[in-house]
Amino acid sequence: MLAIVRACAVIGLDGCIIEVEVDFNPRATLPMFTIVGLPDSAVKESRERVRAAVKNSHLQFPNKVYIVNLSPADIPKHGPAYDLAIAVGVLASTDQIPLAAIENSLFIGELSLDGSVRHVKGVMPMVYAAYQAGIERVYVAASDAPQAALINGLEIIPIETLGQLVEHLYGLNIISPYVPPPLTIDDSTLPDGIVDFADIKGQQHVKRALEIAAGGNHNILLSGSPGVGKTLLARAMPGILPKLTIDEALEVTRIYSVADVLQGERPLVQARPFRAPHHTISQAGLVGGGSMPKPGEISMAHRGVLFIDEIVEMSSKTLEVMRQPIEDKIVTISRAQGSMTFPANFLLVGAMNPCPCGYYGDSTRACTCSPTMISRYQGRLSGPLLDRIDLHLDVPRVEYDRLMSDERAETSAEVRKRVESAREHQRKRFEGRAGLYANSDMGVSEIQQLCYLSPEAKQLLEVSTKRLQLSARSYHRVIKLSRTIADLEDSRRIEVPHIAESLQYRPRPQNT
Ligand SMILES: Nc1ncnc2c1ncn2[C@@H]1O[C@H](COP(=O)(O)OP(=O)(O)OP(=O)(O)O)[C@@H](O)[C@H]1O
Ligand SMILES: [Mg+2]
């Protein structure tokens with residue numbers, strides 16, 4: 001007898017419904033269990049798990065011929081997520097589950113030898129694919145139910161064991177669908193290890209720049225001598241980032257589901273990501289890759305911050321692969337089976353020393369590097385990459401007296417209020433414009449349509465552009481930044497002070 005059960009594959013971040021066809025031939029004499037349809041070794045091993053799980057659930061596993069076909073055959077199948085569907089297929093084809101009971105359903109889960117159903121990765125995109133395919137019910141491991149229920153519009157049935165599932169399908173011990181708690185974002189408590197702005201002495205200028213970066217999602221580069229507090233300042237960033245919206249949280253959660261880093265009961269990601277990969281990270285680790293591509297750090301930082309400390313130490317190849325995603329806010333990875341795309345809209349915070357010895361421009365120590373060494377060092381960040389960084393900051397040394405004083409600066413929470421309000425202006429500004437969510441996302445046409453400059457501001461910009469010989473890109477960058485500065489002050493128009501401040505953050509000409 002033939003049974004057809006639905007399961008799901010995940011390609012990139014997208015689920016793809018797979019039909020698991022199990023053909024049972026009771027008349028065969030030599031027992032056989034074959035899986036066809038591009039299975040990898042973990043899928044092939046499914047045979048052994050399914051056999052043991054069925055037997056240990058006190059169900060029958062007639063020792064005859066089973067052919068399992070996973071279709072469409074051209075999609076590669078990975079991992080143990082097909083176990084449950086294969087087991088259900090075996091049971092349905094041997095008359096131990098009524099065929100009518102598995103219609104319109106999707107089965108996701110790995111099986112233990114004792115018959116219990118286990119967590120698999122990528123449940124959220126799978127359930128979403130089921131929803132789009134019009135499937136009404138999804139059976140998942142009980143531990144995956146909260147994640148599955150992030151998708152509305154279908155029934156999520158949490159199951160602990162294969163035996164329990166069979167009873168449910170026979171209508172014996174009905175399992176009630178999982179009822180999810182309402183989707184909420186609670187980020188009232190900052191994650192551990194996040195520095196509060198109030199604990200950082202001085203550095204008003206840098207804090208202000210970080211506020212602007214957060215306010216309009218602008219990339220920022222901090223340069224300064226060793227120990228001046230670059231890492232400290234960058235690590236304070238999460239405290240001033242705007243709250244995630246539910247839609248953004250769902251986007252991030254989908255990536256985290258595929259990367260398999262979600263936590264049990266409350267899987268919805270609550271805070272903007274802050275990723276700080278080491279500068280020795282591989283290209284695949286940074287932008288994503290592998291034979292079955294996984295999201296890299298830049299996608300794990302989607303809607304949050306990617307902090308690269310000692311960014312100049314990163315290999316030039318690795319830096320270059322980041323260039324395109326910074327511009328496009330997505331990354332495309334090509335493979336023989338086709339290309340896949342991961343979102344990568346992050347705020348880049350880079351930190352670096354100004355020269356090899358670290359003390360170029362320092363007020364307390366002389367730099368021992370030659371001008372050639374300095375320009376070669378700084379030149380490791382290529383022009384096109386620097387061009388994509390809106391804020392360039394020199395971090396000065398804080399004087400001893402200041403460091404020791406007990407002055408209390410503004411807290412992260414206070415700064416964050418302004419950031420939130422600036423983002424609210426942007427949300428209204430970009431309403432109905434797909435793909436635009438912060439000022440840094442604006443292209444040339446949006447800048448022209450949406451950024452009003454006062455006549456005086458226009459004049460200042462014109463004079464500065466000529467005097468400083470700003471490139472077209474720098475010119476637009478100045479306007480985008482001043483738009484954010486104006487938003488932080490709730491100003492509808494861009495005024496002279498906004499332009500003047502924004503001009504301070506342009507890249508320094510390279511030292512020679
Ligand atoms: N403004 C400040 N207020 C309070 N503490 C500070 C400040 N600046 C630096 N510190 C202290 O100095 C330490 C070193 O700072 P940090 O590691 O951020 O320096 P850095 O600029 O990243 O140096 P390096 O270039 O060597 O990486 C911090 O852990 C912190 O304790
Ligand atoms: Mg550091």
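This section describes the overall fold, the central sheet, the ligand shell, a helix pair and one exposed residue of a predicted model.

The chain of the predicted model contains 20 helices and 18 strands. Its C-alpha trace extends over about 90 × 45 × 45 Å along the principal axes. Of the 512 residues in the chain, 43% are buried. When contacts between residues at least 6 apart in sequence are considered, 74% of them connect residues that are at least 24 apart.

Five strands form an open sheet with parallel pairing, in the order S11-S14-S17-S10-S18. The edges of this sheet are occupied by strand S11 (274–275) and by S18; each has a single partner strand, so one side of each lacks a neighbour in the sheet. Helix H7 (residues 204–216) packs on the sheet and touches S10, S17 and S18. The direction of H7 makes about 165° with that of S18. In general, the strands of a sheet are paired through backbone hydrogen bonds, in either a parallel or an antiparallel manner.

Within this sheet, strand S10 (residues 220–223) lies between S17 and S18 in the strand order. Its pairing with strand S17 (residues 347–352) is parallel and comprises four bridges. Two of the residue pairs can be specified: Leu222 has Ala351 as its bridge partner in S17, and Ser223 stands opposite Met352 of that strand. The pairing of S10 with strand S18 (residues 391–394) is likewise parallel, over four bridges. Here Ser223 has Asp394 of S18 as its bridge partner. Ser223 is thus matched with Met352 in S17 and with Asp394 in S18. Both faces of S10 are covered, with Ile220 and Leu222 buried on one side and Leu221 and Ser223 buried on the other.

The shell around ligand 1 consists of 15 residues, of which Pro226, Gly229, Lys230, Thr231 and Leu232 come nearest. Helix H8 (residues 230–235) makes the greatest contribution to this shell, providing three residues. Classified by side-chain type, the shell around ligand 1 comprises six nonpolar, seven polar and two charged residues.

A helix pair was also examined. Helix H16 (residues 412–429) packs against helix H19 (residues 472–488) at an angle of about 115°, and the two axes are 8 Å apart. The crossing of H16 past H19 is right-handed. On the H16 side, the contact is formed by Arg418, Ala422, His425 and Gln426, while H19 supplies Thr484, Asp487 and Leu488. By class, the residues of this contact comprise two nonpolar, three polar and two charged.

Thr372 provides a contrasting local environment to the buried residues of S10. This residue is located in helix H13 (residues 371–378). Thr372 counts as exposed because it has 9 C-beta neighbours inside 10 Å, and the limit for this class is 12 or fewer. In sequence, Thr372 and Ile175 are separated by 197 residues, and their C-alpha atoms are 72 Å apart in space.

Technical notes
Residues are numbered from 1 along each chain as its sequence is written. Chains are lettered from A and ligands numbered from 1 in the order in which they are written. This is a predicted model: local features need pLDDT of at least 70, side-chain atom pairs count only at pLDDT 80 or more; totals for chains, interfaces and linings use all residues. Axes are lines fitted to C-alpha atoms, for helices over the stretch in contact, and angles run from 0 to 180 degrees between N-to-C directions. A crossing is left-handed if the near helix is turned anticlockwise from the far one by less than a right angle, and right-handed if clockwise. Two residues are in contact if their C-beta atoms, placed from the backbone, lie within 7 Å. Ala, Val, Leu, Ile, Met, Phe, Trp, Tyr, Cys and Pro count as nonpolar, Asp, Glu, Lys and Arg as charged, and the others, Gly among them, as polar. A residue is near a molecule or strand if its C-beta atom, placed from the backbone, lies within 6 Å of it. A residue is buried if 20 or more other C-beta atoms lie within 10 Å of its own, exposed if 12 or fewer, and partly exposed in between; C-beta atoms are placed from the backbone. Two strands pair if DSSP finds at least two bridges between them.
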